[in-house]
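Work through the exercises below with the model open. Try each task before reading its solution.

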Amino acid sequence: MAKETGIMSWKELELGNSITRPGNAGELKTGDWRSMRPVTDYEKCTKCGQCYIFCPDMVYKKNAEGYYEQNYYYCKGCGICAHECPVSCIAMVQEGD
Amino acid sequence: MGIAAEAIKDFKGFNLKNMPEVEPLSSGHRACQGCGEILALRQAMKALGTNVVVCSATGCMEIVTSPFPQTAWNVPWIHVAFENTSAVVSGVEAAYKAMNRKGKINQPDVTFLAYGGDGSTADIGIQALSGALERGHNFIYICLDNEAYMNTGIQRSSSTPWGASTTTSPAGKYSKGQSTWKKNMPAIAVAHEIPYVATASPAYPVDLMNKVKKASMIPGPAYLHFYSPCPTGWRCGGDESVAVARLAVQSKVFPLYEVIDGQYVLSRKVAKPKPISEYFKMQRRFRHLTETDVQMIQERIDAEYAELLKKCGVEA
């Protein structure tokens, strides 16, 4: 099964077309929908967590130092985090630059 | 003290510094960029945790989370038709109750959640919802209100506000868009005299999560109405969906309140309301409205808000 696209042949399906693992949409790569990429400036970040709670794609995760890091595998590039950041430390950067 | 007030009197509430890390809804769902509806649902699921059974009506949230052969749900989830979401959740709740009583399972503290869009709540599923609320099943119903049938291509619903342009109420030479006012769904839920009714917005996540948690603690039915911005259908920028939701609260279009045992409680008083034109400007569905139309809507919104303040016992 092509995990990143979710496309698979009928021969690979389980008996009864059942889905055997919950949350397996996590394999889908929604990151390639993106044309702009959020980049955080950790110098300015205050660890407030607004980007984390306002992300519709659960992209942000807290690291050991308490900063929130993006997982670009899922980020669709909507830009809510950059728009909502109270200290404007997230910039949207053109993908491919 | 009523049963709802009794159940939530020790509730402390969430805060931004220690959010629960659990994500019952996984990444990799196929919602549009900047979807406000999945954001509201994600915050609600975060508050509920994993000990939950979810019944989903047809709609955007069903489509984007469960395209075969993948599912974004880490918790038990069932998709049913528009009409019978509340009927199915009643059955699930009753089955759990009976099996617990007979000793076949020992899971007394499962939360039952049903959700649907505004179409499946205010139009198609309202009779099943009314029945389930009246029978008093212990479940939570969430209406994710994006003010039209967005999944099938922006058709009007009874929850669409006056003047909004949709594909079945298009603005043009002889039409100003939707010609009726938004149905007051929370008031209909309050009229069932259920213990808990609340409105919430994803722009205020802590408030939203607190309300969901309270709803799960209360015995008996709870109805929650979530304002869910839809950048695709409202024609606003994907990055602006949270800003639109916030502006809707600040301009009194969508006031946040709870009704606990029939008592109205205002969650957030708008001290300096913004003009409604500011909210309209962000969305292309209201672009055709003239000054007089906006003035007329503003007057109605002001009157509705004053009435709500009176119900809450707050001075204007």
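**Backbone and packing exercises**

B:Glu193 sits in the chain B loop between α7 (185–190) and β5 (196–200); helices (H or I, at least four residues) and strands (E, at least two) are DSSP runs, numbered from the N terminus. This is a predicted model: local features need pLDDT of at least 70, side-chain atom pairs count only at pLDDT 80 or more, and totals for chains, interfaces and linings use all residues. Residues are numbered from 1 along each chain as its sequence is written, with chains lettered from A and ligands numbered from 1 in the order in which they are written.

**Exercise 1.** Find the sign of phi at B:Glu193, then classify its exposure.

*Solution.* Start with the backbone. Phi is positive, about 55 degrees, although B:Glu193 is not a glycine. Next, count neighbours. B:Glu193 has 13 C-beta neighbours inside 10 Å, so it counts as partly exposed. The cut-offs are 20 or more other C-beta atoms within 10 Å for buried, 12 or fewer for exposed, and partly exposed in between, with C-beta atoms placed from the backbone.

**Exercise 2.** Repeat this for A:Asn17.

*Solution.* Locate A:Asn17 in the segment before β1 (36–40) of chain A. Its phi is near 55 degrees, a positive value in a residue other than glycine. With 9 C-beta neighbours inside 10 Å, A:Asn17 counts as exposed.

**Exercise 3.** Check the length of helix α12 (residues 291–312) of chain B.

*Solution.* Take 1.5 Å times one less than the number of residues. The 22 residues should span 32 Å; the end C-alpha atoms are 31 Å apart, which agrees. Just after α12(B), B:Gly313 takes a positive phi of about 70 degrees.
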